[in-house]
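Me: Please take a close look at the charged side chains of this model, the salt bridges first, and then at the aromatic rings.

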Amino acid sequence: MYQLDWVTRIRSRQSRSELAKTLDWPRLRYVSPTVWKLGLTSLLTDISSEMVGSILPVYFVLHLHFSPQGFGFLDGISQGATVALLSLISGVLADRWRRQKEVAAAGYALSALSRIALLAAGSVWTLVAGILALDRVGKGIRTAPRDAMISLSSPRDELATAFSVHRALDTCGAILGPLTAFLLLRSLPEAFNLVLMASFCIGLVGLGVIWLLVDQPSGPVGLRRSTPSVRLSLTLLAEQRFRALVIAAGALGIATASDGFIYLLLQSKTHSSVASIPLYAFLTAIFYMLLSVPAGRLADRWGRGKIFLSGYSLLALIYIILLLPQMGSMMQFAVVALFGAYYAATDGVLAAMTSATLGAELRTSGLALLNTATSLSRLVSSILFGWLWTSGAMRTAVWTFLLGLSAAVIISVLILAERKPE
Amino acid sequence: MSRGNHRLNLFLLLCVSCVLAILLFGFVVVRRSRVPSVAFLGVKPKPTTPNLKIPTGYAEAPASTDQFNSRPPSGEPTRFSAEKAIRAAARDIPAAAASKRKPRANLLYFRTDASADILGKLAVTSLDALDKISYSSELSCARVHFGGGTGVCLTREPLANGERRGPDGLAFLFGLASFTGYSAVVFDSQFRSVARNINLNGLPSRVRVSPSGRLAGVTVFLSGQSYAALKFSTQTTIIDVGSGKVLADVETFSVTRNGQAFQSPDFNFWGVTFAHDENIFYATLWSTDKTYLVRCDLAKHAAEVIYEWVECPSLSPDNTRIAFKKRTGFVGGPAVWRISLLDLRTLTATPLGETRSVDDQVEWLDNDHILYALSENDKRRNIWALPVDPNGSPRLWLAGASSPAVVSGTN
């Protein structure tokens with residue numbers, strides 16, 4: 001059924017017993033050059049976008065003299081939903097044209113263009129808002145085709161490793177971006193335009209990597225049964241294994257408090273300075289980057305479902321820590337380390353699990369469908385958590401989410417266990 | 001040559017041109033920040049008396065102090081330049097006279113919003129001769145306020161008494177990750193830093209110094225963490241200027257509304273204005289899409305809602321009225337604010353004669369006029385003056401300036 005099944009058969013003959021051999025570092029050599037190149041694209045694009053992202057508040061408030069009260073309380077809900085739907089459509093089109101590379105490149109191009117547009121827009125508010133939306137659309141468009149390319153160029157039993165390598169590079173970019181912007185502005189204060197310009201150029205090089213250096217992975221051999229369409233991609237939901245994943249990911253997503261809430265809780269629980277909130281994000285990214293590949297290797301060896309659900313158990317552990325009556329300041333590090341580990345164990349692994357259930361023909365559509373489901377469930381989660389916190393107390397919100405997460409993990413164990421272990 | 005090789009070459013070309021583009025752009029930025037391309041346009045030199053009446057407090061400056069900018073004359077004769085104004089001021093400052101009296105004269109402290117070389121610099125001018133401006137060579141401020149002989153400048157440059165925050169340890173990491181590295185510098189009428197710098201948790205937004213110069217109310221924006229989450233919240237603290245100690249975070253105050261307790265986790269406070277009795281101050285409270293005017297009692301850590309839809313209040317010198325910005329439109333885009341006046345005795349609000357949207361905490365020039373900054377185009381802001389009656393019309397008062405802080409000789 002899958003073109004890469006023969007690789008699986010060959011690989012499965014090899015020993016996979018001892019823990020010492022589990023991580024099996026030399027096998028990273030087998031990670032396809034395409035994955036490394038796509039990782040490089042993501043790294044550069046993330047440097048580019050995080051550079052801008054980290055200076056955006058400063059740029060708006062101190063350079064363009066926007067008052068955050070004027071736009072800060074705008075809700076991103078309708079925007080988030082629109083982007084989620086757009087990404088589904090782009091996934092289907094990529095499958096239909098068999099051009100994952102071009103669709104992904106279009107997404108990267110859109111984001112790179114948004115930087116230079118930001119430079120040109122000046123302080124016209126509506127333009128700036130539109131450009132930021134454009135950047136998000138670009139991100140929505142590119143994710144599924146890119147993940148499809150990663151999976152199409154990796155052997156089936158190395159999928160989680162391939163994704164983990166990509167995610168580690170991606171996160172590395174997210175770490176380097178703010179650093180670059182900070183160092184630039186440190187030496188040249190007020191040089192926001194230079195940051196935007198540099199961000200555009202770095203984004204352009206990232207686009208160059210995918211456009212000029214990456215080859216479109218060879219598509220499915222043989223005839224196509226039918227033309228991919230949104231309707232056809234929805235029929236994927238009839239397939240038991242894929243449906244189980246979508247349900248599990250959606251349920252877990254609803255019970256996942258967004259990063260912002262976790263950091264805010266952590267800060268208020270430990271009575272630390274509000275300035276530490278961005279530091280949490282920074283440290284989480286570092287832990288995520290470092291743990292991503294080990295988690296991916298373990299997932300390929302021990303079973304992706306196990307690692308994926310262990311990741312969510314770590315999140316539950318974070319909730320429990322946040323419910324403790326007393327918290328030392330060292331707990332902050334423990335929580336961000338756990339949070340980074342949670343990301344390492346879930347994000348790339350979920351993409352790997354999903355790819356493994358999908359035929360090459362509808363791979364992009366399926367990944368896009370799953371992304372849409374998870375982003376919509378995240379939106380619901382944010383609204384829910386915010387509402388619980390505002391109307392009740394912090395503890396109520398965390399308790400509710402802890403119970404919800406436990407239920408979601410149990411449901412996931414049950415429905416994912418129906419699949420035979422890989 | 002194979003196709004792959006061709007594409008690799010193309011990629012290398014792209015890399016090289018991008019690096020060149022960044023370098024070129026950087027070069028231009030550096031050059032532009034050194035040689036100002038726009039002349040500073042203070043106000044039009046008025047035909048005033050030839051002798052600049054130097055305000056007393058101001059005259060206390062020894063001419064030799066290097067706190068004032070005294071760069072060599074520039075080679076451009078056509079500019080009504082900062083240098084000229086500085087040299088004029090320096091010449092007129094009597095060298096002796098080192099008393100510790102508070103400034104008696106009518107002064108205006110402000111942030112320059114003009115050409116690149118002096119952009120953001122802290123400046124002072126006499127209200128009687130607005131074209132004579134002195135700049136601090138060191139302090140650049142995002143916001144500035146002054147009261148009772150003490151000024152507070154919210155700045156990114158963390159210099160204080162010669163101490164600089166180096167790229168070391170946790171402070172660097174914090175600065176790196178949060179991009180804040182902002183601090184409040186406490187200065188005297190000579191622009192000398194007189195107390196320890198106070199670290200700020202976020203982006204400078206508003207600052208007010210109490211009439212005695214003892215307290216400061218500082219609002220910062222705590223920014224969201226990512227591109228996607230452009231959400232802001234504010235933190236407003238009352239700081240003891242002398243010690244740098246935070247006396248209160250307004251968010252911890254117990255708030256009452258119509259005599260009943262009023263609380264919500266989404267509270268945000270901003271824009272403090274102090275009464276003569278420094279225990280009392282007013283501020284804006286935001287909760288679920290609505291803004292309120294609160295009257296706060298520092299000793300009791302209590303706040304009471306007294307009016308609605310008031311942002312960035314500013315108490316008149318006689319403490320009977322509050323000028324504020326009132327949100328009038330919010331059509332998916334930026335908010336539109338109308339400058340209005342609230343009479344505290346009758347609790348009635350009236351819109352004033354400025355029809356443009358003003359996003360500033362206004363400053364009272366005297367009991368009948370207010371000052372505020374407005375953006376003319378992309379970056380430059382000018383200070384406008386407006387009489388506080390519904391029919392008054394605004395006039396351009398000081399070009400290339402923002403964040404006005406009036407020091408009146410009478411108080």
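Reply: The salt bridges come first, then the rings.

This is a predicted model, in which local features need pLDDT of at least 70 and side-chain atom pairs count only at pLDDT 80 or more, while totals for chains, interfaces and linings use all residues. Residues are numbered from 1 along each chain as its sequence is written, chains are lettered from A and ligands numbered from 1 in the order in which they are written, and side-chain values use heavy atoms, with hydrogens and water left out.

Over all chains, the structure holds 23 salt bridges (a side-chain nitrogen of Lys or Arg within 4 Å of a carboxyl oxygen of Asp or Glu). One of them joins Arg214(B) to Glu278(B), at 3.8 Å from N to O. This pair links distant parts of the chain, 64 residues apart: Arg214(B) is in the loop between strand E10 (203-209) and strand E11 (215-222) of chain B, and Glu278(B) is in the loop between strand E16 (268-274) and strand E17 (280-287) of chain B. Strands (E, at least two residues) are DSSP runs, as are helices (H or I, at least four), and both are numbered from the N terminus. Arg214(B) is partly exposed, with a relative accessible area of 43%, whereas Glu278(B) is buried at 12%. Here buried means under 20% relative accessible area, exposed over 50%, and partly exposed in between (1.4 Å probe, protein chains only).

A salt bridge also forms between Asp359(B) and Lys325(B), at 2.6 Å from N to O. Asp359(B) lies in the loop between strand E23 (348-351) and strand E24 (363-366) of chain B, and Lys325(B) in strand E21 (residues 321-329) of chain B, 34 residues apart. Asp359(B) is partly exposed, at 24% relative accessibility; Lys325(B) is buried, at 0%.

Asp343(B) and Arg345(B) meet in a salt bridge at 3.2 Å, N to O. Asp343(B) is buried at 18% relative accessibility, and Arg345(B) is exposed at 59%. In chain A, salt bridges link Arg146(A), Asp147(A), Arg167(A) and Asp347(A) in a network.

Charges also sit over rings (NZ of Lys or CZ of Arg within 6 Å of the ring centre and within 35 degrees of the ring normal). The charged end of Lys101(A) is over the ring of Trp211(A), 5.6 Å from its centre, and Arg257(B) lies over the face of Phe262(B), 5.0 Å from the ring centre.
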